[in-house]
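Here is a short set of questions and answers for someone meeting this structure for the first time. Please keep the sequence and the model in view while reading.

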Amino acid sequence: MKTTKLILLALMASPVTLSLISVSLSAKNIYVAPTGNDKATGTIDAPLATLPAAYKKVVSGDTVYFRGGTYKVTDEQVMKQESLYAYVFAIEKAGTAKKRTCFMGYPGERPVFDFSALQLDGAHRFAGFYLGANYLHLRNFDIVGLPVRIKGHTQSECVSARKGSYCIVENIAMHDNMAIGYYQTTGSNNLIVNCDAYNNYDDYSEGTYGGNVDGFGCHVGKTTETGNVFRNCRAWRNSDDGFDLINCAAPVEFDHCWAFYNGYRPTSDPKNTTTFQSAGDGNGFKAGGWGMGSGTTKCPAVCPSHHVHHCVAYRNKSNGIYANHHLGGNLWEQNTSAMNQRDNYNMVNRKTTSEAVDVPGYNHKLTGNVSWSPKKEHLSNCDAATSTLTNNSFGPNVITVADSHFVSTDPSHLFAPRDTEGNLPDLDFLVAKRGSALANSGMGWLWMEDEDTGVAAPVVKPDGAARIYDLKGHKVSRARKGLYIINGKLTILR
């Protein structure tokens, strides 16, 4: 990866959408390997054995590189404990907009952190990687085996974002844990990109229900904690929901994300498409809400309007795309929701902050969305008088959607492997087929825009034509000269 002044300037200008590759000219690199020694110097030829040992050498802007292999995490490595939480790897040394503090898998190798041996006293929730500072960057490794050791309503978290802003969590796979994948309670302008959360299920704390294990959750408490984006992330076979924004006080964006097979127990083969044993709630995208308990909610005076766009919700146990008793409207654009076991789109809202009564969802905006073959309803609980419905397959100009409208209806495509940079190949699952009524109307999560308009794909070196975003993070179909993010990299088109 090349380092140029131009890239550095771009990173300074927009740290969240551009800094997929953190760059530093003067900060040092520290190396860790499963065969290392914590008494070593931490160079590439003399690596350390554990992250805590490497962390002692870290100053702001440094990069810790993990060599490939499996790291067995033990109680002795827990870096911070409070009354409720044990923060296993407590990352609290902030970077800056110019030089992030980075913790990354070594290029071309894939480290795995196995937390299954953790015990402590059986009285702590576990947070695998704790984001406790600004301008941090996690990249390119797996998190597995994170346990729950407490009975009753509790949780553990693979990546626990509780203080940091302007952080990047990139190309992290969080799977086969008893824990939530990514969980955020504080912070602004964080980017979670190219991450997967799957086969996560807590069968201990509350029996076999597994009701607290989502793939991704953002639940910030302040209306000023804006700018948090989930992009190109997948959640499947998590025992509760795929993506969850309950009690989130500030707007969040889900962009080109996939939620499928949530609400079911894991299977030995994470690519299983036929076995479904019920577990927790099982919504694909649960975008908002403050619950239906008695009394007044803690909803802020201005309820956040979340933005869910170009996403796919497929065969989740409950609703595909769900407003979850929200107290305001969300923006839902260019999504495809299919074969969910309740409704594909459920816009139900709570009546007021003081009245725990379900009412048809108000002030929602739905544009360009597709619904195919739900167990119950295409669209439910939506107040058409206060909401805006434009160019959706379910109205006002209804399109009867069939499998023949799509390039592919084979769900195995959803499990496509990521490349070493964390990018997925072009997916054609539930993409509108050229010439179909959906494509002609511009509906769905990724209708074949370039083919239908005849726009030639740009010539890009070295990675070829792929997903292209402008510097604000918006996907574009026609790229002219200038700076773009292509396949997660800042690229100049000349």
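Q: Which residue of β6 does Phe66 stand opposite?

A: The model is a predicted one, and in it strand β2 covers residues 63–66, while strand β6 covers residues 101–105. These two strands pair in the parallel sense over four bridges. Across that pairing, the residue of β6 that stands opposite Phe66 is Gly105.

Q: Which residue of β2 does Asn29 stand opposite?

A: Strand β1, made of residues 29–32, runs parallel to β2 and is joined to it by four bridges. Within this pairing, the residue of β2 that stands opposite Asn29 is Thr63.

Q: Are the residues on the two faces of strand β2 buried or exposed?

A: On one side of β2 lie Thr63 and Tyr65, and on the other side lie Val64 and Phe66. Both faces of the strand are covered, and these four residues are all buried.

Q: Which residue has its backbone nitrogen 3.2 Å from a polar atom of the Asn190 side chain?

A: Asn190 belongs to the loop between β12 (180–184) and β13 (191–193), and because its relative accessibility is 1%, Asn190 counts as buried. The backbone nitrogen that lies 3.2 Å from a polar atom of this side chain is that of Tyr166.

Q: How many disulfides does a search of the whole structure find?

A: A disulfide is a covalent bond between the sulfur atoms of two cysteines. The cysteine sulfur closest to that of Cys303 is in Cys299, and because the two are 4.2 Å apart, they are too far from each other for a bond. Over the whole structure, the number of disulfides found is zero.

Methods
Residues are numbered from 1 along each chain as its sequence is written. This is a predicted model: local features need pLDDT of at least 70, side-chain atom pairs count only at pLDDT 80 or more; totals for chains, interfaces and linings use all residues. Side-chain values use heavy atoms; hydrogens and water are left out. Buried means under 20% relative accessible area, exposed over 50%, partly exposed in between (1.4 Å probe, protein chains only). Two strands pair if DSSP finds at least two bridges between them. A polar contact is a pair of N or O atoms within 3.5 Å; within protein, one must be able to donate a hydrogen and the other to accept it, and residues adjacent in sequence count only if both atoms are side-chain atoms. A disulfide is a pair of cysteine sulfur atoms within 2.5 Å.
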